[in-house]
Amino acid sequence: MQYQTVVPGRFLSRPNRFVAQVEAEGAVQTVHVKNTGRCRELLVPGAAVYLERSANPKRRTAYDLIAVQKGELLVNMDAQAPNRVFAEWLETRLPEGAVLRREYTYGESRLDFCVESARGLYLIEVKGVTLEEGGAARFPDAPTERGVKHIRELQRAAEAGLGAALFFVVQMENMKSVAPNDETHPAFGAALREAAAHGVRVCAWDCAVTPDSLTIRREVPVLL
């Protein structure tokens with residue numbers, strides 16, 4: 001996945017979850033934050049960040065904040081990137097004749113993807129991970145009732161005989177593991193463990209991250 005026209009900057013502040021103040025290109029810019037999560041451990045004053053300049057001259061904000069440097073670790077924090085990069089990755093691995101559907105309605109939820117093939121339906125929900133602690137990744141960084149709802153829908157699909165998976169896209173490199181963040185949202189971890197016990201596949205892959213690209217790289221162990 002490639003970005004266009006990326007420029008470096010220095011994070012100053014985040015007045016609200018949608019915008020940030022960033023010093024870039026010789027001025028203080030008001031930029032759109034492409035992640036409504038807390039990201040408190042990432043967006044600290046003085047942090048090096050990367051912005052993508054918008055191609056739309058009529059936009060209120062001329063830039064999107066897409067990545068941040070956390071020590072030696074470059075973290076992509078674009079919340080739209082996981083689905084995009086996952087689709088690019090999966091489309092090259094689909095069996096012959098299979099079709100990838102996006103925003104697939106199942107039960108009372110709209111799940112990210114469904115693979116339709118001769119074997120039947122395989123439902124997939126993708127979660128982007130940006131929280132790192134001691135070389136390990138954790139999800140979520142804030143309570144997500146929507147995430148719990150999606151897990152339960154996947155479990156119902158698995159119990160009905162369909163394929164079902166939750167796929168963590170880790171938006172950074174070299175994580176030793178991924179685990180549910182029980183301290184922040186115990187219900188998410190409990191739902192994930194129950195779903196895994198009932199046939200939902202839970203997997204994670206990390207990404208190669210550069211200021212202007214994101215590429216799914218290798219599988220990372222999931223600790224439940």
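**Exercise 1. Which exposed residues does the face of helix 3 turned away from its buried side carry?** Work out the two sides of this helix in the predicted model.

*Solution.* Begin with the length: helix 3 has twelve residues, 186-197, which at 1.5 Å a residue should span 16 Å, and its end C-alpha atoms are 17 Å apart, which agrees. Next, list the residues of helix 3 that are buried, namely Phe 188, Gly 189, Ala 191, Leu 192 and Ala 195. They cover an arc of only 165 degrees around the axis, which puts them on the same side of helix 3. A general rule helps in reading such a pattern: an α-helix has 3.6 residues a turn, so residues three or four places apart point the same way. The face turned away from that buried side carries the exposed residues Pro 186 and Ala 197.

**Exercise 2. Against which strands and which helix do the buried residues of helix 3 pack, and what phi does Gly 199 take?**

*Solution.* The packing partners of these buried residues are helix 2 (145-159) together with strand 11 (136-139), strand 12 (163-170), strand 13 (178-180) and strand 14 (201-210). Continuing along the chain, Gly 199 comes just after helix 3 and takes a positive phi of about 105 degrees.

**Exercise 3. Describe how strand 8 pairs with strand 7 and with strand 9.**

*Solution.* Take strand 7 (residues 99-106) to start with: seven bridges join it to strand 8 (residues 109-117), and the two run antiparallel. Within this pairing, Leu 100 stands opposite Val 115 in strand 8. The two strands form a hairpin with two residues between them, and in the turn Gly 107 has a positive phi of about 60 degrees. Turning to strand 9 (residues 120-129), five bridges join strand 8 to it, again with an antiparallel run. Here the bridge partner of Glu 116 is Leu 121 in strand 9, and strand 8 and strand 9 form a hairpin with two residues between them.

**Exercise 4. Why is the sulfur of Cys 39, or that of Cys 114, not in a bond with its closest cysteine sulfur?**

*Solution.* The cut-off for a disulfide is a pair of cysteine sulfur atoms within 2.5 Å. For Cys 39 the closest cysteine sulfur is in Cys 207, 16 Å away, which is too far for a bond. For Cys 114 the closest is in Cys 203, also 16 Å away and therefore too far. Cys 39 is buried, with a relative accessible area of 0%, and Cys 114 is likewise buried, at 0%. The count for the structure comes to zero disulfides.

Terms used:
Residues numbered from 1 in each chain as written. Predicted model: local features only at pLDDT ≥ 70, side-chain atom pairs only at ≥ 80, totals over all residues. Heavy atoms only, no water. Helix = DSSP H or I, 4+ residues; strand = E, 2+ residues; numbered from the N terminus. Expected span 1.5 Å × (residues − 1). Buried < 20%, exposed > 50% of the residue type's maximum accessible area, 1.4 Å probe, protein only. Arc of directions from axis to C-beta. Contact = heavy atoms within 4.5 Å. Pairing = 2+ DSSP bridges.
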